[in-house]
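Trainee: I am new to this structure and would like a close look at a single part of it. Please take one strand and its surroundings, and add a few individual residues for comparison.

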Amino acid sequence: MKILIKKPSPDLKAESLVVLPLISAELEKPAKKSKAGTGLLSRLDAMSGGKLAERLRRAKFKAKAGQTFVLNAIHENLPATLVLVGWEAERASEFETISRYRRLGSIAADVAKRSNAPEIAIVDAHLNLKAESNLAALVEGLLLTGYTFTHHKSKKDDSPFELQEVRIHSSQSVSSKSIDAARRACEATLFARDLINTSPRECTPTFLANHCRKIAKAQHLKIDVFDPKALKKMGAGGILAVSQGSSEPAYLIRMVYTPKKKTKKNLAIVGKGVTFDSGGLSIKTAGGMETMKCDMSGAAAVMAVMSVVADLRPDFEVRAYIPTTENMINGQATRPGDVITAMSGKTIEVLNTDAEGRLILADALNLAEKDGCGTIIDLATLTGACMVALGTSYAGLFCNDDKLADLLVDAGDRAGELLWRMPLAKEYKDWIKSHVADIKNTGRAYGGAITAALFLEEFISKARWAHLDIAGPAFADGDSEHVRKGGVGFGVRTLLNLISEY
Ligand code: BES
Ligand code: MN
Ligand code: ZN
């Protein structure tokens, strides 16, 4: 999709589908040039001999925020399709303000698809595209909304609809560099979606490792793939215990981006990569298992970030850690009651084999610590309890450093990804104490997202650390705005925003 900035044209004659943000003051006197608006609506109305105003009156369109009106074939002098988007100013948080731009892009992409219009125009009326986050959000709406996953379809559409060109009519100096950055972030997001949506029969730990090798090659990253033999040597008892019941080998993957100029500054990102979570012997219900190919969404996000990291040219090291395995059942599967020794040396009583994410993350976090990472951020579809607490729009954010937490929430707001700070409640620390081992991998009936985070904290000694429980927003059960049913790619743009401002 080409995204071009064009000088505003007074009559829009050359355009067949035009998206026009509007405020109500422009509707009140469409026949005369309204002071509040750009005058474009009144010009268009005049060109249509008053037909446009007539249609708007009949439809009772008020240009309220969030209101959209699609007009087709109003008059031969006008664009075939006119999409009016209510842009009434409203008091809104930064998140909401930026989200409006994403929604605008999403509406534009959606109407273009439904109208089968490969080229569209967006009129920059009332928009502030000089603000980089607004422009990025608009591009995100345009690029993320049309996503479909056809990899497993036997019949492929030979000419699927493609929005080829978007012309933004604007007299502002809109940065094409920002457009390129947003485009890169979207491509990374779509890559994560593809990985998540791929059948777990194909998307195995080996599949993820192979993808990582490709990413490392393309982005000139150093990569280590620790295989089961290496994991045994390293004492990665958490990862090995979870993979024990599977025929697929498990891996701990490490990728490192090193900047040209030597530096001690670094950031580590860690992603849970359970390619299928059956629950193990503490088996899930049939329904609970249906979406469990999404249990590598954290890994997908980390891989997506690394797939563009060198293009961002950060002046610090970015290190990725991906523990990846299946959680399956066979005669060797880990038993509830088994005591294992994690890489850090801590012993863990595994009381529920379905609490496997924390076991593999324990080893990954420990390796990151041993490697001297000062700041570690992990992303994991870790607990159903986090979904109970926050629903599907918010990720739970657990963090041992207020500044890092604020940075992440801000980066998330700009990405359209909501993070909600949750407590690392020391009051519940006793809940993961074990009678027979150092700790156990389950808590009590309540506060499951917190006890999972407290478990992870046991493997952090010095680092500044944030844990994002993305179980809620990682996988969508339907389409809404720029999010499509299935893998969301949640966290990719939050992390990219963080890296570019870190
Ligand atoms: N992968 C699941 C969490 C999950 C649930 C992610 C739903 C996405 C959607 C995780 O491994 C799990 O099973 N957690 C258990 C922990 C419990 C046994 C302590 C849970 O949340 O029930
Ligand atoms: Mn599980
Ligand atoms: Zn899981």
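Mentor: A residue counts as buried when its relative accessible area is under 20%, and as exposed when that area is over 50%. Bear in mind that this is a predicted model.

Ala63 shows how the cut-off is used. Its relative accessible area is 0%, so Ala63 is buried. Ala63 lies in the loop between α3 (51-59) and β3 (68-72). Its phi is near 60°, which is a positive value in a residue other than glycine.

Arg313 also sits in a loop, the one between α12 (309-312) and β11 (317-327). Phi is positive here too, near 50°, and again the residue is not glycine. Arg313 has a relative accessibility of 66%, and therefore counts as exposed.

Now to the strand you asked for, β15, which spans residues 394-399. Of its six residues, five are buried, so the strand is largely enclosed by the rest of the structure. Two strands that pair with β15 can be described in turn.

One partner is β16 (residues 418-421), which runs parallel to β15 and is joined to it by four bridges. Within this pairing, Leu397 is placed opposite Arg421 of β16. To get from β15 to β16, the chain passes through helix α15 (residues 402-415), and the resulting β-α-β crossover is right-handed.

Another partner is β18 (residues 464-469). Four bridges link β15 with β18 as well, but these two strands run antiparallel. Here Phe398 has His467 of β18 as its bridge partner. Taken together, β15 has a parallel neighbour in β16 and an antiparallel neighbour in β18.

One residue from another strand can be set beside this. Ile340 belongs to strand β12, which covers residues 338-341. With a relative accessible area of 11%, Ile340 falls below the cut-off and is therefore buried. Leaving aside residues up to four places away in sequence, Ile340 touches Gly237, Gly238 and Ala241, together with Lys346, Thr347, Ile348, Val350 and Leu359. As for distance along the chain, Ile340 and Lys440 are separated by 100 residues in sequence, while their C-alpha atoms are 10.0 Å apart in space.

To find these places in the view, start at β15 and follow the chain through α15 to β16. Then return to β15 and look across to β18, where Phe398 meets its bridge partner His467.

Terms used:
Residues are numbered from 1 along each chain as its sequence is written. Chains are lettered from A and ligands numbered from 1 in the order in which they are written. This is a predicted model: local features need pLDDT of at least 70, side-chain atom pairs count only at pLDDT 80 or more; totals for chains, interfaces and linings use all residues. Side-chain values use heavy atoms; hydrogens and water are left out. Buried means under 20% relative accessible area, exposed over 50%, partly exposed in between (1.4 Å probe, protein chains only). Contact means heavy atoms within 4.5 Å. Two strands pair if DSSP finds at least two bridges between them. A crossover is right-handed if, with the strands pointing away from the viewer, the path from the first strand over the helix to the second runs clockwise.
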